[in-house]
Amino acid sequence: MIGEPMKELSDKVSSSGSVGRGDSFPGARGGEQQARVVRGWSRKQVLGHLIDSASNNHQRFVRAALQTALDFPGYDQDGCVRVQAVEEADWTLLVSLWAGYNRYLAHGIAHLPVSKLETLCRIGSDEPVTLRFLAEDYLRHLLHHLGQLVPHFTLKTRIGAGWTCMPPLHRVS
Ligand code: NI
């Protein structure tokens, strides 16, 4: 049964993955992929960072749903982008993996057991937060970076008027 409280969040994560596919993703052409947008990262590297966020949060969500509490490491954001040589990866691969990963995460978020949403999760040395907060902060972080890659009117059209581009509240996102 789908946990109704997470339905809206799940829908937004899912629709964020539809802002563009492959070459239709805004800024997909040649030099634009290498343009620096934030932290010295290129558009490509921001996409790689969003894949790292998806994979780390995937494990957080699933493990927290199976345990009474979660104690999980953070991740080295710059180190992850560097060792995976994101800059040399294929753009279409990055966009399709990112979009597919988010559609699958949205499915998982929608099915998180309601009884587990208050499970306390400690990520790295941060103060514990609930699984519900982690999932909400995942979306905040995702939209924050999407706002750096995609025109705001595109996000408004795809995700709805309620989208926001605020940074995540959690330090390790
Ligand atoms: Ni980030």
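This report walks through a predicted model, starting with its sheet and moving on to its helices and one loop.

## The three-stranded sheet

A good place to begin is the open sheet, whose three strands come in the order β3-β4-β5 with mixed pairing. At its edges are β3 (69-72) and β5 (129-130), each of which pairs on one side only.

How do the pairings run? Strands β3 and β4 are parallel and are joined by four bridges. One place to look is Phe 72, whose bridge partner in β4 is Ile 123. On the other side, β4 (residues 120-123) and β5 pair in the antiparallel sense, over two bridges. Here you can find Cys 121, with Val 129 in β5 as its bridge partner.

Strands β4 and β5 form a hairpin with five residues between the strands. Gly 124 in this hairpin takes a positive phi near 60°.

## A helix on the sheet

Helix α2 (residues 43-66) packs on the sheet and touches β3 and β4. The direction of α2 makes about 145° with that of β3.

Strand β4 has two faces to tell apart: Cys 121 and Ile 123 make up the covered face, while Leu 120 and Arg 122 make up the uncovered one.

While you are at helix α2, look for Asn 56, which is found there. Is Asn 56 buried or exposed? Asn 56 counts as buried because it has 20 C-beta neighbours inside 10 Å, and 20 or more is the cut-off for that label. For a sense of distance, Asn 56 and Ser 18 are 38 residues apart in sequence, and their C-alpha atoms are 21 Å apart in space.

## Helix α5 and its partner α1

Next comes helix α5, which covers residues 131-149 and so has 19 residues. From its first C-alpha to its last, α5 reaches 27 Å, close to the 27 Å expected at 1.5 Å a residue. Many of the residues in α5 can be picked out as buried, among them Leu 131, Leu 134, Tyr 138, His 141, His 145 and Leu 149.

Helix α1 (residues 7-16) packs against α5 at an angle of about 30°, and their axes are 10 Å apart. Angles under 35 degrees count as roughly parallel, and α1 and α5 are therefore roughly parallel to each other. Their crossing is left-handed. On the α1 side, the residues that meet α5 are Leu 9, Lys 12, Val 13 and Ser 16. Their counterparts in α5 include Ala 135, Leu 139, Leu 142 and Leu 146.

## Helix α1 meets α4

Helix α1 also packs with α4, at an angle of about 175° and with the axes 8 Å apart. Which way do α1 and α4 run, roughly parallel or roughly antiparallel? Angles over 145 degrees count as roughly antiparallel, and α1 and α4 are therefore roughly antiparallel to each other.

Among the α1 residues in this contact are Lys 7, Ser 10 and Ser 14. On the α4 side, the residues met include Asn 102, Leu 105, Ala 106 and Ile 109. Leu 9 and Val 13 of α1 take part here, and they also appear in the contact with α5.

## A loop residue to notice

The last stop is Ala 85, in the loop between α3 (77-83) and α4 (91-110). Most residues other than glycine have a negative phi. Ala 85, although not a glycine, has a positive phi of about 50°. Ala 85 is exposed, because 9 other C-beta atoms lie within 10 Å and 12 or fewer gives that label.

Notes: Residues are numbered from 1 along each chain as its sequence is written. This is a predicted model: local features need pLDDT of at least 70, side-chain atom pairs count only at pLDDT 80 or more; totals for chains, interfaces and linings use all residues. Two strands pair if DSSP finds at least two bridges between them. Two residues are in contact if their C-beta atoms, placed from the backbone, lie within 7 Å. Axes are lines fitted to C-alpha atoms, for helices over the stretch in contact, and angles run from 0 to 180 degrees between N-to-C directions. The expected span of a helix is 1.5 Å times one less than its number of residues. Angles under 35 degrees count as roughly parallel, over 145 as roughly antiparallel, 65 to 115 as roughly perpendicular and the rest as oblique. A crossing is left-handed if the near helix is turned anticlockwise from the far one by less than a right angle, and right-handed if clockwise.
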